[in-house]
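Colleague: I'd like to learn how to read a fold from its coordinates. Could you walk me through one?

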Amino acid sequence: MAYENYAGGYPVSFPTGTTGLARWRFVSLTTAGNAQYSAAGGGGAVGVIIDGTTGSTSVSNTVVSVQMSGIAKVSAPASTVGIGQTVTTDANGQIVTVTAGDVAVGVVVAGSSGGADRIMSVLLGTPAGSTATA
């Protein structure tokens, strides 16, 4: 079972840059400061959405809360991601294992691999003893 811990930090609210952003996915920020799914490879990832799907077509009327530190619940696609693995993001803001040239966004601390959209716990940030890229 996945869990989360804000580690003394508080979520930050950002306006949305696109519609339909789902919770438990990594986001980056546009130059206007709007949240959007993080690019594949983790570039620019700032944190994980922790509230529900936006569903709005109006960028100015919708905000999402983003967890930027601690242990976050994060969605994973149908692939093998396991406890202790360093992860990055795919184009949908989900976690995948880090490969050469990717930016590490965290390390999996709980959850199991399996079907699409399962929720795992990820310690946010570059894991101790690793570099920012694989």
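Colleague: How much of the chain counts as buried?

Modeller: Keep in mind that this is a predicted model. Of its 134 residues, 40% count as buried. As for the surface, the chain exposes about 6100 Å², with 55% of that supplied by carbon and sulfur atoms.

Colleague: Which secondary structure elements are there, and in what pattern?

Modeller: Strands and no helices: the count is 10 strands and 0 helices. Going along the sequence you read β-β-β-β-β-β-β-β-β-β.

Colleague: What share of the contacts comes from residues 24 or more positions apart?

Modeller: If you take the contacts with a separation of 6 or more, 56% of them join residues 24 or more positions apart.

Colleague: Okay, now the sheets. How do I read strand order?

Modeller: The general idea is that strands of a sheet pair through backbone hydrogen bonds, either parallel or antiparallel. Here, an open sheet of 5 strands runs in the order β6-β10-β9-β7-β8, and the pairing is antiparallel. Its edge strands, β6 (71-76) and β8 (95-97), each pair on one side only. From one strand to the next, the twist averages 55°.

Colleague: Can we zoom in on one pair? How many bridges join β7 and β9?

Modeller: There are 2 bridges, in the antiparallel sense, between β7 (residues 86-89) and β9 (residues 106-110). To find the register, look at T86, which stands opposite V107 in β9.

Colleague: And the packing? Which residues touch the most other members of the largest nonpolar core?

Modeller: In general, nonpolar side chains of soluble globular proteins tend to be buried together. In this model the largest nonpolar core has 13 residues, and F26, V74, V87, I95, V108 and V122 touch the most other members. The elements giving two or more residues to this core are β6 and β10 (118-124). A separate core of 7 residues lies apart from it, including F14, L21, A35 and V66.

Colleague: What does V122 touch beyond its sequence neighbours?

Modeller: Leaving out residues up to four places away in sequence, V122 touches G70, I71, A72, V74, V87, I95, G106, V107, V108 and V109.

Colleague: Let's try a polar residue. Is S65 buried or exposed?

Modeller: S65 counts as buried because its relative accessible area is 18%, and the cut-off for buried is under 20%. S65 sits in strand β5 (residues 63-67). Setting aside residues up to four places away in sequence, S65 touches P11, V12, S13, V48, I49, I50 and D51.

Note on methods:
Residues are numbered from 1 along each chain as its sequence is written. This is a predicted model: local features need pLDDT of at least 70, side-chain atom pairs count only at pLDDT 80 or more; totals for chains, interfaces and linings use all residues. Side-chain values use heavy atoms; hydrogens and water are left out. Helices (H or I, at least four residues) and strands (E, at least two) are DSSP runs, numbered from the N terminus. Buried means under 20% relative accessible area, exposed over 50%, partly exposed in between (1.4 Å probe, protein chains only). Contact means heavy atoms within 4.5 Å. Accessible areas come from the Shrake-Rupley method with a 1.4 Å probe; for residues, only the protein chains shown count as cover. Two strands pair if DSSP finds at least two bridges between them. Axes are lines fitted to C-alpha atoms, for helices over the stretch in contact, and angles run from 0 to 180 degrees between N-to-C directions. A nonpolar core is a set of buried Ala, Val, Leu, Ile, Met, Phe, Trp, Tyr and Cys residues joined through side-chain atoms within 4.5 Å.
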